Amino acid sequence: MIKSVNVQNFKCLGNLTVSLEPFTVLIGKNDTGKTSFLEAIGILASASPPSNRVRAAFGDNRNVSDFVKHGASPKECRIGAVMTDGSRCEATLSARGFELHVGKNEPVGNPVLEHVQFPYRFDLTKLRAAATVGVLGKQPLPPDGTNFAAAVDRLPNKQFNRLQAELISRLPLIEQLVPETPQGQHGMKEIWFDVKGAGRVPARQMSDGVMLVLALLTVLHDENAPRVVMLEEPETGVHPKQLERLVEAFTAISKQGVQILLSTHSPYLLDFVSKECVRVFTRDEGGDVVVKPLSDLREIRDMMSRGFSLGEAWYNSDEDVIVHNPPNARRTA
């Protein structure tokens, strides 16, 4: 797993080091660098050879200057990580793109980062589409959910049955999950659901929430999933009451050696996580991104001691104030 990440002059991030837990939640207002931080980890993983994934993720039209913080030199743009086993790696930007460097006696690349994807942002149209059987090989599901039906279809029976049981426990109207061959499309699969009172229903007719929950559970149960899974706003389209059980799934998977990093704007989701695993992203008066563990913020701890849940404490606070102007500073100002 990744113990900490240092980012220098990447996009909006100046120079910051963020410690990570097996399950880490990133919070903060819009435009405070959460997405850039997750993308930085994706860049670091993509620099591991053999690689062409930075171009694949960002497109052929990106210039190296697009990754550099305004006012900095490309030579000052770097992303480094320390693993829990003590190994280190760093990606620096050159005219050819990001290049990976490792410490003395370290292997080229890192098995933890080898299959890390850019943050998952599911495209619902792609989640509902038919896919060619076997098209993914042993590669993880792409970040947008392309070939999702193939990812579900390739699950071994044990994982598929576990996935189906979790889906039904969350959505009791669903009786069975069925990857089927579309009529006249040999070698293809699409997702269908047996639904109480409605019979067999194709994915294209199911709600966004059902498809998003299924996609999240599939990533967690896929034996080909990366060892670091990054998710952006997994609460989008998901009923708040489902979030508790999703967080339970994230926590359980993180205890099995898969690191989960996610960003959220949901105080409901925050109610179900430990404050020790939350990192707060803010900007200081000069506009630089600052990151602090939520557990370091006295005002949050005080509010929770008075009976506020973690989500309530965050919702009723202003992170810019409690990070940069803590209570003691306000009393002596």
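# Exercises on a predicted protein model

A search of the whole structure finds zero disulfides, a disulfide being a pair of cysteine sulfur atoms within 2.5 Å. The structure is a predicted model, in which local features need pLDDT of at least 70 and side-chain atom pairs count only at pLDDT 80 or more, while totals for chains, interfaces and linings use all residues. Residues are numbered from 1 along each chain as its sequence is written, and side-chain values use heavy atoms, with hydrogens and water left out.

## Exercise 1. Cysteines

Explain why Cys12 forms no bond with the closest cysteine sulfur.

Step 1. The closest cysteine sulfur to that of Cys12 belongs to Cys77.

Step 2. The two sulfur atoms are 12 Å apart, which is too far for a bond. Cys77 is likewise in no disulfide.

Step 3. The burial of each residue can then be stated. Buried means under 20% relative accessible area, exposed over 50%, and partly exposed in between (1.4 Å probe, protein chains only). Cys12 is buried at 18%, and Cys77 is buried at 0%.

## Exercise 2. Overall form

Determine how the radius of gyration of the protein compares with the globule rule.

Step 1. Begin with the secondary structure: the protein has twelve helices and 14 strands. Helices (H or I, at least four residues) and strands (E, at least two) are DSSP runs, numbered from the N terminus.

Step 2. The radius of gyration is taken over C-alpha atoms, and the globule rule is 2.2 Å times the number of residues to the power 0.38. For 333 residues the rule gives 20 Å, and the radius of the protein is 21 Å, close to that value, so the protein is as compact as a globular protein of that length.

Step 3. Along the principal axes, the C-alpha atoms fill a box of roughly 70 × 55 × 35 Å.

Step 4. Buried residues make up 51% of the 333 residues. Of the contacts (heavy atoms within 4.5 Å) with a separation of 6 or more, 61% are between residues 24 or more positions apart.

## Exercise 3. Nonpolar cores

Identify the residues with the most contacts inside the largest nonpolar core.

Step 1. A nonpolar core is a set of buried Ala, Val, Leu, Ile, Met, Phe, Trp, Tyr and Cys residues joined through side-chain atoms within 4.5 Å.

Step 2. The largest has 63 residues, and Val25, Phe193 and Val273 have the most contacts inside it. Helix H6 (residues 208-221) supplies the largest share of this core, ten residues.

Step 3. Apart from this core lies another, of 39 residues, including Leu16, Leu113, Phe118 and Val289.

Step 4. Val273 is in contact with Phe23, Val25, Val247, Val278 and Leu310, leaving aside neighbours within four places in sequence.

Step 5. Leu217 lies in helix H6 and is buried, with a relative accessible area of 0%. Beyond residues up to four places away in sequence, Leu217 touches Leu163, Glu166, Leu167, Arg170 and Leu246. The C-alpha atoms of Leu217 and Glu166 are 7.9 Å apart, although 51 residues separate the two in sequence.

## Exercise 4. A hairpin

Describe how strands S13 and S14 are arranged.

Step 1. Strand S13 (residues 278-283) and strand S14 (residues 289-293) run antiparallel and are joined by five bridges. Two strands pair if DSSP finds at least two bridges between them.

Step 2. The strands form a hairpin with five residues between them, and Gly287 in the turn has a positive phi of about 90°.

Step 3. Thr282 stands opposite Val290 in S14.

Step 4. Val291 is also found in strand S14 and is buried, at 18% relative accessible area. Leaving aside neighbours within four places in sequence, Val291 is in contact with Leu16, Val18, Arg279, Val280 and Phe281.

## Exercise 5. Positive phi in loops

Locate Asn147 and Glu233 in the chain and state their exposure.

Step 1. Most residues other than glycine have a negative phi.

Step 2. Asn147 has a positive phi, near 65°. The loop that holds Asn147 is between strand S7 (131-132) and helix H4 (148-153). At 22% relative accessibility, Asn147 is partly exposed.

Step 3. Glu233 also has a positive phi, of about 45°. Glu233 is placed in the loop between strand S11 (228-232) and helix H7 (240-254). Its relative accessibility of 30% counts as partly exposed.
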